[in-house]
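Thanks for making time for this; I would like to walk you through one model slowly, beginning with a single residue and working outwards. Please keep the display open while I talk.

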Amino acid sequence: MRSCPCWRRSWDGTSSPLIRAAGSSDEKDHILDQLLQTLDLLDPQGRLFLPKLRELAPGLQLACLKEYLRKNEVQEISNRLLKEARTLIASQGPPAINLPGNRHLRRRQGRIFIC
């Protein structure tokens, strides 16, 4: 029972920053969405255009891949999955990776898409 007051103290001290962080995460998502629209990385069929994606810094490539997967309703997007997805950007990388839900992220003809 002695741990309850300690838990309450630590919870009171951390709840406010957690709420602020969640709000700023929404703002970051909105800014990233605007940036992706500006970069015009999607072709008319909604596939990622590799030549433009390859011009971006590695961190921005990961952010673009994450947003693409999220918008295509891929579940369980982990850092490991994003790193695997980034291997598709290199021409010597694998042509496809497995996604959750028996789907695949594939590179073909200068595009990355979900099938």
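Arg-111 has its place in strand β4, where helices (H or I, at least four residues) and strands (E, at least two) are taken as DSSP runs and numbered from the N terminus. Before I go further, this is a predicted model, in which local features need pLDDT of at least 70 and side-chain atom pairs count only at pLDDT 80 or more, while totals for chains, interfaces and linings use all residues. Residues are numbered from 1 along each chain as its sequence is written, and side-chain values use heavy atoms, with hydrogens and water left out.

Back to Arg-111, then, whose side chain is joined to that of Asp-43 by a polar contact of 2.8 Å; a polar contact is a pair of N or O atoms within 3.5 Å, and within protein one must be able to donate a hydrogen and the other to accept it, with residues adjacent in sequence counting only if both atoms are side-chain atoms. If we leave aside neighbours within four places in sequence, Arg-111 is in contact with Asp-43, Arg-47, Leu-48, Phe-49, Leu-50 and Arg-106, contact meaning heavy atoms within 4.5 Å.

Which way do the side chains of β4 point? Arg-111 and Phe-113 point one way, Ile-112 and Ile-114 the other way, and all are buried, that is, under 20% relative accessible area, with exposed meaning over 50% and partly exposed in between, for a 1.4 Å probe and protein chains only.

Now let me place β4 in its sheet, which is open, has 4 strands in the order β1-β4-β3-β2, and shows antiparallel pairing; two strands pair if DSSP finds at least two bridges between them. The edges are taken by β1 (48–49) and β2 (96–99), each with a single partner strand, so one side of each is left without a neighbour in the sheet. Helix α3 packs on this sheet and touches β1, β2, β3 and β4 (111–114), its direction making about 35 degrees with that of β4; here axes are lines fitted to C-alpha atoms, for helices over the stretch in contact, and angles run from 0 to 180 degrees between N-to-C directions.

Going through the pairs, β1 and β4 are antiparallel over 2 bridges, with Leu-48 opposite Ile-112 in β4. Between β3 and β4 there are 4 bridges, again in the antiparallel sense, and Arg-108 stands opposite Arg-111 in β4. These two strands, β3 and β4, form a hairpin with 2 residues between them, and in its turn Gln-109 has a positive phi of about 50 degrees although it is not a glycine. At 72% relative accessibility, Gln-109 counts as exposed.

On the other side of the order, 4 bridges join β2 to the antiparallel strand β3 (residues 103–108), and the bridge partner of Asn-98 in β3 is His-104. The hairpin of β2 and β3 has 3 residues between the strands, and Gly-101 in that turn has a positive phi of about 80 degrees. Along β2 the side chains alternate, Ile-97 and Leu-99 pointing to one face and being buried, while Ala-96 and Asn-98 point to the other and are not.

Turning to the helices, the axes of α3 (residues 58–71) and α4 (residues 79–86) come within 10 Å and cross at roughly 110 degrees. The two are therefore roughly perpendicular to each other, given that angles under 35 degrees count as roughly parallel, over 145 as roughly antiparallel, 65 to 115 as roughly perpendicular and the rest as oblique. Helix α4 also lies across β2 and β3, running at about 160 degrees to β2.

One residue of α3 deserves a closer look, namely Leu-69, which is buried with a relative accessible area of 0%. Not counting residues up to four places away in sequence, Leu-69 touches Val-74, Ile-77, Leu-81, Leu-82, Leu-99, Leu-105 and Ile-114. Of these, Leu-105 is 36 residues from Leu-69 in sequence and 8.9 Å away in space, C-alpha to C-alpha.

In the loop between α3 and α4 we find Glu-76, which has a positive phi of about 55 degrees although it is not a glycine, and which counts as exposed at 66% relative accessibility.

Finally, the whole chain: its secondary structure comes to 4 helices and 4 strands, running α-β-α-α-α-β-β-β from the N terminus on, and buried residues make up 27% of its 115 residues.
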